[in-house]
Amino acid sequence: MVAALRSIRVRRGLVGLLALLALYGLAAQIASGRLPTRVFLVMHDIEGVELLPTYSSLVEEGVFLVQAGILLKGAAVSTGRVLAGLLLGSVVGIALGLAMGWAAGFEYALDPWVVLLRFTPALALLPLYVLWFGLGEAAKIGLIATAVAVVTLQGAYQGVRGIPAVYWDVAAALAAPRSLVLRRIVLPAALPQILASLRIAIALGWVTVIAAELIKPSMPSLGYLLALAGAYPRVPTIVIALAAIALLVLVSDGLTLAAYRWATRWMRRRYA
């Protein structure tokens with residue numbers, strides 16, 4: 001039953017994706033030769049710009065980027081930065097979220113900082129991180145880690161706050177030590193919320209890495225590839241880079257969703 005419903009969901013998702021690809025291909029073919037190829041950019045007129053590239057142009061550009069090693073090396077470098085920021089940010093965020101949910105003192109002390117960071121965009125922190133950490137990897141990874149930490153902190157906090165009061169009462173009645181309460185009550189109860197927040201954090205990490213890679217931009221990286229393609233401009237390169245990022249996000253999300261389902265397989269789910 002569950003497998004059949006998942007199969008239907010996957011098939012419907014593929015149909016939607018194929019329909020979108022077909023619609024793009026049709027629009028590109030219709031627009032070919034009709035859209036202007038001259039654009040005004042930063043005080044200059046630039047000729048030969050393909051605003052809506054056809055699939056043949058995308059394939060040609062994709063083959064060049066792969067053969068030159070730009071796309072694969074850029075994807076590898078950007079993925080490494082996202083994973084490093086995700087690891088650092090999730091460790092800090094989850095630890096602080098558990099502490100805030102468990103102890104009111106931590107919540108009162110940290111809540112103003114959490115609110116401040118939650119509504120501060122990554123681009124606004126970029127110049128500050130450059131001054132603090134320099135132009136190297138520390139600033140880029142720190143920027144991603146900050147965005148991830150805020151989301152995972154909220155997940156862990158909500159997970160702890162959602163624990164039924166009867167669990168705390170039983171632990172207190174049995175005089176259970178804090179380490180036992182953490183292992184047997186807090187972590188299992190907060191795990192679904194933590195994993196759900198990690199799905200959001202991974203997507204946010206990929207969004208932030210594009211801004212982070214504008215710090216002393218250099219090849220290879222997907223963020224710099226996008227910035228370079230926008231400056232010249234090369235629309236096929238932009239589309240290929242965006243497609244690569246979308247694919248990496250889908251793979252990351254799929255792995256996180258699989259981990260979430262495995263870790264919460266004891267939970268009852270409704271399929272409608």
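At 0% relative accessibility, A156 counts as buried. This residue of the predicted model lies in helix α6. Leaving out neighbours within four places in sequence, the contacts of A156 are with I94, G97, L98, A190 and I194. Of these contacts, A190 and I194 fall within residues 178-212, the range of helix α8, while I94, G97 and L98 fall within residues 70-102, the range of helix α3. A156 and S218 are 62 residues apart along the chain, and their C-alpha atoms are separated by 36 Å.

Helix α6 itself covers residues 137-161, a run of 25 residues. From its first C-alpha to its last, helix α6 reaches 35 Å, which is close to the 36 Å expected at 1.5 Å a residue. Of the 25 residues of α6, 20 are buried, so the helix is largely enclosed by the rest of the structure.

A second buried position is found in helix α8, where T208 is placed. The relative accessibility of T208 is 3%, and T208 therefore counts as buried because the cut-off for this class is under 20%. Apart from neighbours within four places in sequence, T208 is in contact with A122, L143, I144 and A147. Three of these partners, L143, I144 and A147, have numbers inside the range 137-161 of helix α6.

The chain as a whole has 10 helices and 2 strands. Read from the N terminus, the order of the elements is α-β-β-α-α-α-α-α-α-α-α-α. The C-alpha atoms fill a box of roughly 75 × 55 × 30 Å along the principal axes. Buried residues account for 36% of the 272 residues in the chain. Among contacts between residues at least 6 apart in sequence, 73% join residues at least 24 apart.

The accessible surface of the chain comes to about 16,400 Å², and 70% of this area belongs to carbon and sulfur atoms. The chain carries 22 positive and 11 negative charges, and the mean positions of the two sets are 15 Å apart.

Confidence in the prediction was also summarised. The mean pLDDT of the chain is 85, with 95% of its residues at 70 or more. Among the elements, helix α3 (residues 70-102) has the highest mean pLDDT, 92, and strand β1 (residues 39-41) has the lowest, 73.

Two further residues were examined in the N-terminal part of the sequence. Y24 is placed in helix α1, which covers residues 2-31. With a relative accessible area of 22%, Y24 is partly exposed. Not counting residues up to four places away in sequence, Y24 touches L52, P53, Y55 and L58. Y24 and D111 are 87 residues apart in sequence, and the distance between their C-alpha atoms is 45 Å.

S57 is found in helix α2, which covers residues 55-67. The relative accessible area of S57 is 16%, so this residue is buried. The cut-off for buried is under 20%, so the 16% of S57 falls within that class, whereas the 22% of Y24 does not. Not counting residues up to four places away in sequence, S57 touches E50 and P236. P236 has a number inside the range 235-263 of helix α10.

Two backbone features were noted in loops. Most residues other than glycine have a negative phi, and most peptide bonds are trans. A175 has a positive phi of about 55 degrees although it is not a glycine. A175 is found in the loop between α7 (165-173) and α8. With a relative accessible area of 62%, A175 is exposed.

The peptide bond from Y232 to P233 is cis, and its omega is near -10 degrees. P233 lies in the loop between α9 (222-231) and α10 (235-263).

Definitions and conventions. Residues are numbered from 1 along each chain as its sequence is written. This is a predicted model: local features need pLDDT of at least 70, side-chain atom pairs count only at pLDDT 80 or more; totals for chains, interfaces and linings use all residues. Side-chain values use heavy atoms; hydrogens and water are left out. Helices (H or I, at least four residues) and strands (E, at least two) are DSSP runs, numbered from the N terminus. Buried means under 20% relative accessible area, exposed over 50%, partly exposed in between (1.4 Å probe, protein chains only). Contact means heavy atoms within 4.5 Å. pLDDT is the predictor's confidence in each residue, from 0 to 100. Accessible areas come from the Shrake-Rupley method with a 1.4 Å probe; for residues, only the protein chains shown count as cover. Lys and Arg count as positive and Asp and Glu as negative; His and the chain ends are not counted. The place of a charge is taken as NZ of Lys, CZ of Arg, CG of Asp or CD of Glu. The expected span of a helix is 1.5 Å times one less than its number of residues.
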